[in-house]
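Here are some notes to keep beside you as you look through this one for the first time. Take the points in order, and have the viewer open as you read.

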Amino acid sequence: MVDRPPAAGAAPSVLVDGVGGTSAETTPATPAAAAGSGSLQGDTSVARRSRGRALVTGIASSLAGKAVGLAAPLLITPVAFRYLGAERYGMWMAVTSLTAMALFADFGLGNGLLTRLSRLHASGDRRAAAREIASAYALLGTLSVALLLVLVVAVWLISWPTLLNVTDPAVARDARAVVLVCFGAFLANIPLALIQRVQYAQQQVAQSNLWQAAGSLGSAGLVVAAVALHASPALVIAVAVLAVPLMNVANSICYFGWQDPTLRPRVRDVRAPIARGLLRLGSRFFALSLLSSIALNLDGFLVGRVLGLHAAANYAVILRMFAVLALFVTLVNLPLWPANGEALARGDVAWVRRSTRRMACLSAAAVTLPALCLVLTGNDVLEFWVRSDDLERVPAPLLAGLAVWSVLVAVAAPLFMVQNSIGLLGPQFLGWAACLVVAVPLKILLATRVGLSGVALASALSYGITVLPAAVVGYRRALATVSANVPNPFEMEHDAKYSPRHRHRPA
């Protein structure tokens with residue numbers, strides 16, 4: 001069955017990833033949409049209050065949930081280290097670091113689903129939303145099964161004790177089991193984690209964060225219990241890594257089984273055109289994540305090549321302090337993504353503009369004070385934290401450069417949330433690509449002339465002249481696109497659904 005295009009007068013149906021408008025890939029026109037200009041507006045004041053409450057609770061729960069997520073490993077580490085021993089614990093951490101390198105394993109499909117569902121949440125089209133969810137689960141479920149089969153083969157073909165440099169024979173015997181359970185849990189969680197995107201899109205951010213916090217606490221509790229029961233080392237590691245995917249299973253059962261069964265993924269709701277649309281949008285998010293990740297994480301390599309590994313180690317430790325500020329910015333602004341998507345689908349551009357200004361000011365203010373404190377007391381913090389003679393005293397310009405960079409990131413984050421909410425990724429691509437082109441030679445030049453301080457100053461300068469302007473341009477372009485209620489000619493893929501025959505097909 002082919003869904004119809006939107007009726008004239010419907011609220012903005014802009015998705016500029018190549019799947020905008022409505023067809024089998026997106027939202028069919030609702031009866032309200034066909035009624036005319038008031039289709040998705042509803043009671044604007046009620047929608048704004050509901051959206052505002054969801055945003056506030058989402059931000060608060062994100063911070064609380066992340067605090068729990070950071071505290072749980074602190075509880076697990078000493079217990080697991082003493083019970084497992086240094087070499088077995090080190091092997092576990094080495095395998096965990098390999099899974100951390102595969103954080104983009106869903107190929108951006110989770111972000112693509114979040115963007116599309118946020119818009120459907122505004123229209124209230126549960127049927128179209130169910131199709132999006134079912135198609136996403138089908139895609140990632142198939143990917144997960146395929147990767148699990150590859151893992152089973154790799155576990156037996158690769159000499160993991162040799163690869164992980166395990167010397168203790170007793171630890172070596174557990175190597176394959178640890179690899180299998182750690183990677184297996186990670187791969188199984190790829191489709192299971194989609195429930196978090198579904199809840200975010202439905203603006204149930206606090207609920208999602210509570211489940212994630214429960215997963216972290218569950219992991220810590222199971223490890224402590226397994227150690228108390230004198231379980232085998234492999235079982236201790238297994239309960240630690242399986243807690244999160246099992247909690248996602250429980251969350252999914254509760255949500256799709258009782259809370260919202262209309263969105264339950266069913267085989268009959270899987271649609272190939274929707275899957276292709278998700279793949280297109282997801283691949284763009286995936287490519288953007290890779291590009292920004294390279295631009296943000298290249299400093300260690302460059303510093304090591306230009307100034308030596310000792311300088312690279314010092315710079316990495318300093319960056320970790322400011323990484324906490326970047327994490328705060330992400331947590332505070334992520335709930336804006338679905339809220340903006342729902343608001344723009346209703347045509348409520350004024351709310352998006354006002355909330356973006358407020359969040360930019362809030363993020364900048366919240367980051368500026370701790371950043372300033374790190375500039376003034378950074379050396380004391382590092383001395384208390386690291387307690388090593390190998391850590392050199394940090395010059396004030398280095399700390400100032402990273403502080404300025406942190407504030408710029410905080411200002412840009414809300415602007416990116418607007419663009420992400422409608423799939424407008426082109427300006428971000430240009431900004432990060434330009435940042436990479438400008439930052440690499442600038443960092444090398446300033447590193448050779450100024451030292452580590454030059455790298456930090458180059459980071460702030462390159463971000464300020466490339467990524468931040470791209471964020472502003474993309475933000476304005478997103479609002480203009482939605483206000484005009486027209487497809488974006490630069491971002492839209494001109495496929496069959498935008499042909500004259502399709503556009504003039506009777507509704």
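1. Let's begin at Asp348, which sits in the loop between α14 (336-345) and α15. Please bear in mind that this is a predicted model. Is Asp348 buried or exposed? Its relative accessibility is 6%, so Asp348 counts as buried, the cut-off being under 20%. A polar atom of the Asp348 side chain lies 3.3 Å from the backbone nitrogen of Trp351.

2. Close by in the sequence, have a look at Glu342 and Arg346. Their side chains meet in a salt bridge, with N and O 2.4 Å apart. Both Glu342 and Arg346 are buried.

3. Now follow helix α15, which covers residues 349-386, until you come to Asn379. With a relative accessible area of 15%, Asn379 is buried. Which residues does Asn379 touch, leaving out those up to four places away in sequence? They are Arg393, Val394 and Leu399. Ile318 is also worth finding: Asn379 and Ile318 are 61 residues apart in sequence, while their C-alpha atoms are 9.3 Å apart in space.

4. The structure holds five salt bridges, and two more of them deserve a visit. One joins the side chains of Arg88 and Asp174, at 3.1 Å from N to O. This pair links distant parts of the chain, with Arg88 in helix α3 (residues 86-100) and Asp174 in helix α7 (residues 169-192), 86 residues apart. Are these two partners buried or exposed? Arg88 has a relative accessible area of 11%, so Arg88 is buried. Asp174 counts as buried too, at 17% relative accessibility.

5. The other is formed by Asp299 and Lys443, whose closest N and O atoms are 2.5 Å apart. Here again distant parts of the chain are linked: Asp299 belongs to helix α12 (residues 299-307) and Lys443 to helix α17 (residues 426-450), 144 residues apart. Asp299 is buried, with a relative accessible area of 6%. Lys443 is buried as well, and its relative accessible area is 7%.

6. Helix α9 is a good one to trace from end to end. It runs over residues 205-228, 24 residues in total, and reaches 35 Å from its first C-alpha to its last. That is close to the 34 Å expected at 1.5 Å a residue. The buried residues of α9 include Val205, Ser208, Asn209, Ala213, Ser216, Ser219, Ala220, Val223 and Val227. As you compare their positions, remember that an α-helix has 3.6 residues a turn, so residues three or four places apart point the same way. Just after α9, His230 takes a positive phi of about 60 degrees.

7. Finally, step back to the whole protein chain. How many helices and strands does it have? The count is 19 helices and zero strands. Of the 507 residues in the chain, 50% are buried. Among contacts with a separation of 6 or more, 84% are between residues 24 or more positions apart. The two salt bridges from points 4 and 5, Arg88 with Asp174 and Asp299 with Lys443, are handy places to look when you think about links between distant parts of the chain. The accessible surface comes to about 22500 Å², and carbon and sulfur atoms account for 69% of it.

Notes
Residues are numbered from 1 along each chain as its sequence is written. This is a predicted model: local features need pLDDT of at least 70, side-chain atom pairs count only at pLDDT 80 or more; totals for chains, interfaces and linings use all residues. Side-chain values use heavy atoms; hydrogens and water are left out. Helices (H or I, at least four residues) and strands (E, at least two) are DSSP runs, numbered from the N terminus. Buried means under 20% relative accessible area, exposed over 50%, partly exposed in between (1.4 Å probe, protein chains only). Contact means heavy atoms within 4.5 Å. A polar contact is a pair of N or O atoms within 3.5 Å; within protein, one must be able to donate a hydrogen and the other to accept it, and residues adjacent in sequence count only if both atoms are side-chain atoms. The expected span of a helix is 1.5 Å times one less than its number of residues. Accessible areas come from the Shrake-Rupley method with a 1.4 Å probe; for residues, only the protein chains shown count as cover.
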